[in-house]
Amino acid sequence: MLVVGVVGVLAAAAAFVVPQLLPAGPRPLFQMPVACGETWQVGTYPGHGEYDVDFFPLQGDPWGQPVLASYAGTVTVAGINGSLGGRTPENPDGPRGRGGGYWVKIDHGGRWETQYLHLLEPPLVEVGQRVAQGEQIGRIGSTGNSGAPHLHYEQRRGWQKVETWFDGQPSGITHDDAEYTLRLTSNNCPASG
């Protein structure tokens with residue numbers, strides 16, 4: 001009986017670990033996680049983490065702006081990372097929380113995933129839900145360890161963060177040794193036809 005239990009545990013572990021050891025598939029054609037045609041400030045700063053990208057809108061109130069899936073996939077996390085803190089549109093200088101606050105993680109297949117952190121409120125999607133590219137998954141907020149409303153975004157290949165690419169082009173944000181800011185326009189547009 002003990003042998004059967006051990007074999008079962010080893011089989012379950014292998015089913016999880018072995019796919020992670022396989023080479024990643026081709027990079028999906030990720031788009032910016034914001035609305036079609038909008039130009040946003042994209043950047044990082046010292047100590048932020050290599051390849052981590054923050055999105056700040058250049059127009060309108062940042063609080064509550066839509067966060068979109070940057071490629072189709074399946075939601076694997078939709079909840080709270082760390083603690084929420086108390087920063088809200090009504091109290092923007094409230095206490096910071098810890099970690100990413102409300103967040104979403106999407107598996108895009110081929111060992112590629114994206115992460116979306118500091119959302120305003122509980123995500124608009126659930127674990128196991130299939131989402132389309134451009135589908136709204138949340139709204140810009142400042143939950144977790146965040147100083148102002150923005151979207152913290154990551155692309156990952158396997159267990160490692162990698163440089164973000166949008167519309168087939170590298171963002172150029174690869175290190176956090178200095179403050180980098182770019183202005184990029186989203187091509188996360190509905191498919192025509």
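The following legends describe close-up views of a predicted model.

**Figure 1. The disulfide between C36 and C189.** The structure holds 1 disulfide. In this link the sulfur atoms of C36 and C189 lie 2.0 Å apart. The torsion about the S-S bond is 75°, and the link of C36 and C189 is right-handed. C36 belongs to the loop between α1 (2-21) and β1 (39-44), whereas C189 belongs to the segment after β13 (180-185), so the disulfide ties together parts that are 153 residues apart in sequence. Both partners fall in the intermediate class of accessibility, between the limits of 20% and 50%: C36 is partly exposed at 38% relative accessibility, and C189 is partly exposed at 26%.

**Figure 2. The largest pocket and its lining.** The volume of the largest pocket is about 370 Å³. Its lining comprises 23 residues, and those nearest the centre of the pocket are Y45, H48, D54, F56 and H150. Two or more lining residues are given by each of the elements β1, β2 (53-57), β5 (98-109), β6 and β13. Strand β1 provides the largest share of the lining, with 4 residues. Sorted by class, the lining of the largest pocket contains 14 polar, 6 nonpolar and 3 charged residues.

**Figure 3. The salt bridge between D52 and K161.** The model contains 3 salt bridges, and the pair of D52 and K161 is shown here, with a distance of 2.8 Å from N to O. D52 is located in the loop between β1 and β2, and K161 in strand β10 (residues 160-162); the contact therefore ties together parts that are 109 residues apart in sequence. On the acidic side of the pair, D52 is buried, with a relative accessibility of 4%. On the basic side, K161 is partly exposed, with a relative accessible area of 25%.

**Figure 4. The salt bridge between E121 and R139.** The closest N and O atoms of E121 and R139 are 2.6 Å apart. E121 lies in the loop between β6 and β7 (130-131), and R139 lies in strand β8 (residues 136-139), so this salt bridge ties together parts that are 18 residues apart in sequence. E121 is partly exposed, at 23% relative accessibility. R139 is likewise partly exposed, its relative accessible area being 29%.

**Figure 5. The salt bridge between E154 and R156.** The side chains of E154 and R156 meet with an N to O distance of 2.9 Å. Each member of this pair, E154 as well as R156, is buried, a class that requires a relative accessible area under 20%. Side chains of opposite charge can pair when their charged atoms come close.

**Figure 6. Positive phi at H118 and D167.** H118 is a residue other than glycine, yet its phi is positive, near 70°. This histidine is found in strand β6 (residues 112-119). H118 is buried, with a relative accessible area of 5%. The second residue in this view, D167, has a phi of about 55°, again a positive value in a residue that is not a glycine. D167 is located in the loop between β11 (165-166) and β12 (169-170). With a relative accessibility of 35%, D167 is partly exposed.

Notes:
Residues are numbered from 1 along each chain as its sequence is written. This is a predicted model: local features need pLDDT of at least 70, side-chain atom pairs count only at pLDDT 80 or more; totals for chains, interfaces and linings use all residues. Side-chain values use heavy atoms; hydrogens and water are left out. A disulfide is a pair of cysteine sulfur atoms within 2.5 Å. Buried means under 20% relative accessible area, exposed over 50%, partly exposed in between (1.4 Å probe, protein chains only). On a 1 Å grid over the protein atoms alone, a cavity is a set of points where a 1.4 Å probe fits but cannot get out, and a pocket is an open set with protein on both sides within 12 Å along at least five of seven lines; lining residues have an atom within 4 Å of a point. Grid points are joined across faces, edges and corners, and a volume is the space filled by probe spheres set on the points. Ala, Val, Leu, Ile, Met, Phe, Trp, Tyr, Cys and Pro count as nonpolar, Asp, Glu, Lys and Arg as charged, and the others, Gly among them, as polar. A salt bridge is a side-chain nitrogen of Lys or Arg within 4 Å of a carboxyl oxygen of Asp or Glu.
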